[in-house]
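This report looks at selected side-chain pairs, a helix packing and a few individual residues. Please read it alongside the sequence and the structure shown here.

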Amino acid sequence: MHVDNDSCYAVGIMSGTSVDGIDIAVVRISEKKNKINLDLKYFDTIPYSTEVRQEILELCDPTKARIQMISNMNMLLGKLYGEAALKVIADAELLRQDIAFISSHGQTIFHQPDEMMIGGQRVTSTLQIGDISSIAEVTGITTVGDFRTRDMAAGGQGAPLVPYADYLLFRHPLFGRVLVNIGGISNLTILPANGDENQVKAYDTGPGNMIMDYFVKRITDGKQTYDKDGELAKNGKVDDDWLEELLNETYYTLKPPKTTGRELFGEEYARKLWENAERQSISFADRLATVTKLTAVTITDQIRIYLDSANIHEVYISGGGCYNPTLMNDIKNSLPAGVKLRKMDELGIPADAKEAMVFALLGYQYLNRRTNNFPPATGARHKVMMGKVAWGQ
């Protein structure tokens, strides 16, 4: 299949580590003189039901996951993604016949970029569920998905994948930029001024909203799932001694390429931090203020490494974290005065929609038989065409 390079509509689907819902973007993709443009036509987040969200979270816990439920949820999510895509297409005042393809990241339930030995063989692995055949069957639209596995087969970590689009769309000829996404996990892309792709650095910095969300649920007895407008953390004071202790986590000192996820910074890790704070008699508000600062500092410490070499002038934030004023203020205060902190919206892409739009781009490149991974970020041995396809009707 060759997608029309002049202009086409595509649907990008993303469900992240926070498992808040299904992010769906209807995107108009156009290409002129080898320059690709993405224009957002419509975006929405379709929340998961409480039952489905809880089942997904249990699948992310190896001690609770069951093979039968993994298989069932794989098919169910494909159906839910397909139904959500049809809703958003209609809301965008388009017909399914107007859509060239759907591109779905799926829901990651396991990601193991570090090798383990099985039968004398070194193995890395990743698993995203949300069956693309089910999406294609529900919608009748050709669907691309399962991107990460091909990069891992080529020796990469299968993540991060967004830097491919960051480099393609947002590098600047005169000064460096940093693009940060704060979802459940935080990741960044360093785009040096007028740099080539081998100069780009991109990796996961550590926790994003994941630990903060856990603390909010504990503090509010489950009445809140996140710190709305950063109000709870704003009422606390950072415990500097405890923060220094938290920063001793080994992951922060690893050199890139590196990726992480719920396997390291998930509920078990957050529970240990909570119990640690209990033993030190740190107040609830101070606990949340401190883990909020932890997310900020683990991001900005990495940015500072490249300030001079990449000539960084701007930092753009996307993901749910950009709506937390306390977190954003912590990031701003941890950056040098000359570096401007902005939301992704100022580059023409809404912060919430960015990742879904990027997966539309990855699907577009795959269907046009072009490589779409980014070895400087993932560590893959070479460029590959990531994706698998289920043909529409």
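## A salt bridge within helix α2

Glu 83 and Lys 79 both belong to helix α2 (residues 67–91), where they are 4 residues apart, about one turn of the helix. The model is a predicted one, and in it these two residues form a salt bridge whose closest N and O atoms are 2.6 Å apart.

Both partners fall in the intermediate class of accessibility, which runs between the 20% limit for buried residues and the 50% limit for exposed ones. Glu 83 has a relative accessible area of 36% and is therefore partly exposed, and Lys 79, at 40% relative accessibility, likewise counts as partly exposed.

## A salt bridge between strands β2 and β3

The structure holds 17 salt bridges, and another of them joins Arg 28 to Asp 39, with the closest N and O atoms 3.8 Å apart. Because Arg 28 lies in strand β2 (residues 21–32) and Asp 39 in strand β3 (residues 35–47), the pair ties together parts that are 11 residues apart in sequence.

Arg 28 counts as partly exposed, at 33% relative accessibility, and Asp 39 is also classed as partly exposed, at 39% relative accessibility.

## A network of charged side chains

Arg 177, Glu 314, Arg 342 and Glu 346 are linked in a network of salt bridges. Within this network, the side chains of Arg 342 and Glu 346 meet in a salt bridge with an N to O distance of 3.6 Å. Glu 346 has 54% relative accessibility and so counts as exposed, since the exposed class begins over 50%.

## Packing of helices α5 and α13

The axes of helix α5 (residues 163–170) and helix α13 (residues 354–367) come within 10 Å and cross at roughly 85 degrees, which makes α5 roughly perpendicular to α13. On the α5 side the contact involves Tyr 164, Ala 165, Asp 166, Leu 168 and Leu 169, and these meet Lys 354, Val 358, Leu 361, Leu 362 and Gln 365 of α13. By character, the residues of the contact of α5 with α13 divide into 7 nonpolar, 1 polar and 2 charged.

## The annotated binding site and strand β2

An unreviewed UniProt entry places the feature "binding site" at Gly 16, Thr 17, Ser 18, Val 19, Asp 20, Gly 21, Ile 22 and Asp 23. Of these positions, Ile 22 lies in strand β2, and so does Asp 23.

Ile 22 is buried, with a relative accessible area of 3%. Not counting residues up to four places away in sequence, Ile 22 touches Ile 13, Met 14, Asp 44, Thr 45, Ile 46, Tyr 48, Leu 80, Tyr 81 and Ala 84. When neighbours within four places in sequence are likewise left aside, Asp 23 is in contact with Gly 12, Ile 13, Met 14, Phe 43, Asp 44, Thr 45, Asp 352 and Ala 356.

## Thr 205 in strand β9

Is Thr 205 buried or exposed? With a relative accessible area of 2%, Thr 205 is buried, and its place is in strand β9 (residues 201–207). Its contacts, not counting residues up to four places away in sequence, are with Ser 186, Asn 187, Leu 188, Tyr 251, Tyr 252, Thr 298, Ile 299 and Gln 302.

Methods. Residues numbered from 1 in each chain as written. Predicted model: local features only at pLDDT ≥ 70, side-chain atom pairs only at ≥ 80, totals over all residues. Heavy atoms only, no water. Salt bridge = Lys/Arg side-chain N within 4 Å of Asp/Glu carboxyl O. Helix = DSSP H or I, 4+ residues; strand = E, 2+ residues; numbered from the N terminus. Buried < 20%, exposed > 50% of the residue type's maximum accessible area, 1.4 Å probe, protein only. Axes fitted to C-alpha atoms, helices over the stretch in contact; angles between N-to-C directions. Parallel < 35°, antiparallel > 145°, perpendicular 65-115°, else oblique. Contact = heavy atoms within 4.5 Å. Nonpolar A, V, L, I, M, F, W, Y, C, P; charged D, E, K, R; others polar. UniProt positions renumbered as here; feature names shortened; annotations may be inferred.
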